[in-house]
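Biologist: I have the sequence and the structure open at the bench. Can we walk through them, one question at a time?

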Amino acid sequence: SLQTESDWKVEISRVKRRASIGTNATIISGVTIGEGALIGAGAVVTRDVPDHAIVVGVPGRVIGDLRTRE
């Protein structure tokens with residue numbers, strides 16, 4: 001049978017200021033991307049991302065912090 005409105009649940013995903021999301025990245029619903037975070041192209045983000053984190057891969061993993069880069 002076809003799905004109706006009652007079959008769907010709306011969840012909010014948040015992208016904070018200065019965050020950058022690469023091409024073809026997938027953000028799972030309900031996740032928050034922290035301020036100034038960088039999500040790599042093609043990453044699959046399944047958990048909240050801390051502020052200034054660099055996330056890459058499938059599933060997405062934090063590999064660094066932009067505040068420590070020079």
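Biologist: Which residue of strand 8 stands opposite V55?

Modeller: This is a predicted model. Strand 7 covers residues 53–56 and pairs with strand 8 in the antiparallel sense, over 4 bridges. A53 stands opposite D65 in that pairing. The partner of V55 in strand 8 is V62.

Biologist: Which residue in the turn between strand 7 and strand 8 has a positive phi?

Modeller: The two strands form a hairpin, with 4 residues between them. The phi in question is about 95°. The residue is G57.

Biologist: P59 is in that loop too. Which residues does P59 contact, leaving aside its neighbours within four places in sequence?

Modeller: P59 sits in the loop between strand 7 and strand 8. Its relative accessible area is 37%, between the 20% and 50% limits, so P59 is partly exposed. T46 is 13 residues away along the chain, yet the C-alpha atoms of P59 and T46 are separated by 6.9 Å. The contacts are V44 and T46.

Biologist: Strand 7 also pairs with strand 5. Is that pairing parallel or antiparallel?

Modeller: Strands of a sheet pair through backbone hydrogen bonds, in either sense. Strand 5 covers residues 38–39, and 2 bridges join it to strand 7. Within this pair, I39 stands opposite V55. The two strands run parallel.

Biologist: Which strands are at the edges of the sheet?

Modeller: The sheet is open and has 4 strands, with mixed pairing. Their order is 2-5-7-8. Each edge strand pairs on one side only. The edges are strand 2 (20–21) and strand 8 (61–65).

Biologist: How many residues does the largest nonpolar core have?

Modeller: Both I39 and V55, the opposite pair in strands 5 and 7, belong to this core. A53 of the hairpin pairing is in the core as well. The other members are V31, I33, A37, A43, V45 and V49. The count is 9 residues.

Biologist: Take V49 from that core. Which residues does V49 touch, not counting those up to four places away in sequence?

Modeller: Several of its contacts are fellow core members, including I33 and V55. T32 and G34 are also among the residues touched. The full set is T32, I33, G34, A37, I39 and V55.

Biologist: Is T32 buried or exposed?

Modeller: T32 lies in strand 4. Beyond four places in sequence, T32 touches R14, K16, D48 and V49. Its relative accessibility is 18%, and the limit for burial is under 20%, so T32 counts as buried.

Biologist: Now the charges. Which residue forms a salt bridge with R18?

Modeller: R18 is in the loop between strand 1 (14–15) and strand 2. Its partner is 17 residues apart from it, in the loop between strand 4 (32–33) and strand 5. The closest N and O atoms are 2.5 Å apart. The partner is E35.

Biologist: Which of those two is exposed, and which is partly exposed?

Modeller: R18 has a relative accessible area of 61%, and over 50% means exposed. E35 is at 26%, which falls in between the limits. So R18 is exposed, and the partly exposed residue is E35.

Biologist: How many salt bridges are there in total?

Modeller: R18 and E35 make one of them. R67 and D65 form another, with the closest N and O atoms 2.9 Å apart. R67 is exposed, at 57% relative accessibility. The count comes to 2 salt bridges.

Methods
Residues numbered from 1 in each chain as written. Predicted model: local features only at pLDDT ≥ 70, side-chain atom pairs only at ≥ 80, totals over all residues. Heavy atoms only, no water. Pairing = 2+ DSSP bridges. Salt bridge = Lys/Arg side-chain N within 4 Å of Asp/Glu carboxyl O. Buried < 20%, exposed > 50% of the residue type's maximum accessible area, 1.4 Å probe, protein only. Contact = heavy atoms within 4.5 Å. Core = buried A, V, L, I, M, F, W, Y, C linked by side-chain atoms within 4.5 Å.
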